[in-house]
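Ready for a few exercises? Have a look at the sequence and the model, then try each task before reading its solution.

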Amino acid sequence: MKVAVMTDSNAGIKPDEAAKLGIYLTYTPIIIDGEVFYQETNLTQEEFYTQLAGDKDITTSMPSPGDVMDMWDKLLEEGYDEVVYVPLSSGLSNSCHTAIQLAEDYDGKVQVVDDHRISVTMRQSVLDAKWMADNEKSAKEIKEALEANAYNSVIFLTVDDLKYLKKGGRVTPAAAALGAVLNIKPVLTTVGGKFDALEKVRGMKKGIAKMLDYSEDFVNKMLEEHDIEKIRIGAAGSFSKQEDADAWYHQVKERFSDVADIYYDPLSFVVGTHTGPEAVGMGVSVILRDE
């Protein structure tokens with residue numbers, strides 16, 4: 001049984017990395033003043049956040065159903081027996097529900113995974129899927145394993161400017177205005193659905209400290225049932241400058257020095273549209289693969 005693994009650009013896997021890993025990508029459209037762009041293909045991190053900070057009209061859409069089905073067809077025609085597709089969480093986009101409906105016409109050869117993940121935690125699901133595919137698991141077995149492991153993950157986030165959450169209807173205009181005056185930063189969390197506020201603090205420094213504390217609590221919770229070798233921590237952010245991303249990565253690495261695999265991935269542009277520039281985040285995941 002030869003199983004292809006496919007995901008979308010929200011997993012943070014770049015095209016060259018996907019090609020090296022043998023993972024297939026579809027892309028989420030980013031619409032800026034009516035013009036369509038695609039993350040890491042014709043729109044860089046710096047370009048995107050410059051446009052966002054300039055108050056351009058920016059919206060996102062789900063990958064084209066036609067493009068998704070075309071890739072499924074191509075993979076099945078080119079020698080794969082089955083396809084596992086890991087899209088953005090159903091709690092954040094309609095793309096997952098749409099893909100599930102489209103897959104009904106493929107007689108079980110296409111399995112769509114709804115594992116409620118995004119960004120750095122979604123990345124780990126895709127890598128797990130590829131490992132299982134390489135170890136002769138069927139598409140259905142992979143789907144079931146990923147969905148069973150879905151909630152062994154979490155993302156924490158704090159934002160620098162509430163106006164982007166206001167634009168998306170996540171906070172009221174009054175709350176955003178008050179937050180700007182008082183320098184209030186929310187500490188947010190998600191497990192693939194809406195972002196919920198855990199608490200509000202004064203200043204980014206305190207927000208980051210709280211986020212690290214929450215992450216450590218979750219790691220300790222996961223260690224009650226899982227070995228530390230199964231824990232992955234992803235630092236994430238919406239930085240336009242690489243030195244800012246590097247500084248955040250090293251701060252996370254210093255705090256969690258006992259966790260072997262700590263990595264950095266930029267937040268997807270879908271998330272970045274709502275968080276704005278200079279948002280800081282991290283995700284904790286339990287993996288299924290052996291490394």
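Is Asp 33 buried, exposed or partly exposed? Before the solution, some ground rules. This is a predicted model, where local features need pLDDT of at least 70, side-chain atom pairs count only at pLDDT 80 or more, and totals for chains, interfaces and linings use all residues. Residues are numbered from 1 along each chain as its sequence is written, and side-chain values use heavy atoms, with hydrogens and water left out.

**Exercise 1: Asp 33 and its partner**

Solution. Start with the cut-offs: buried means under 20% relative accessible area, exposed over 50%, and partly exposed in between (1.4 Å probe, protein chains only). Asp 33 has a relative accessible area of 47%, so it is partly exposed.

Next, look for a partner. Asp 33 forms a salt bridge with Lys 56, with the closest N and O atoms 3.8 Å apart; the rule asks for a side-chain nitrogen of Lys or Arg within 4 Å of a carboxyl oxygen of Asp or Glu. Asp 33 lies in the loop between strands S3 and S4 and Lys 56 in the loop between helix H2 and strand S5, so the pair ties together parts that are 23 residues apart in sequence. (Helices, H or I with at least four residues, and strands, E with at least two, are DSSP runs numbered from the N terminus.) Lys 56, at 35% relative accessibility, is partly exposed too.

**Exercise 2: which face of H3 is buried?**

Work out which residues of H3 are buried and how they are arranged.

Solution. The buried residues in H3 are Val 68, Trp 72 and Leu 75. Seen down the helix axis, the buried residues fall within an arc of 70° (taken from the directions from the axis to the C-beta atoms), so they line one face of H3. Does that fit helix geometry in general? An α-helix has 3.6 residues a turn, so residues three or four places apart point the same way.

**Exercise 3: the ring of Trp 72**

Classify the aromatic pair of Trp 72 and Tyr 106.

Solution. Rings of Phe, Tyr and Trp (its six-membered ring) pair if their centres lie within 6.5 Å; planes under 30 degrees apart count as stacked, over 60 as edge-to-face and the rest as tilted. Here the centres are 5.3 Å apart and the planes at 90°, so the pair is edge-to-face. Trp 72 lies in helix H3 and Tyr 106 in the loop between H4 and S7, so the pair ties together parts that are 34 residues apart in sequence. Both Trp 72 and Tyr 106 are buried.
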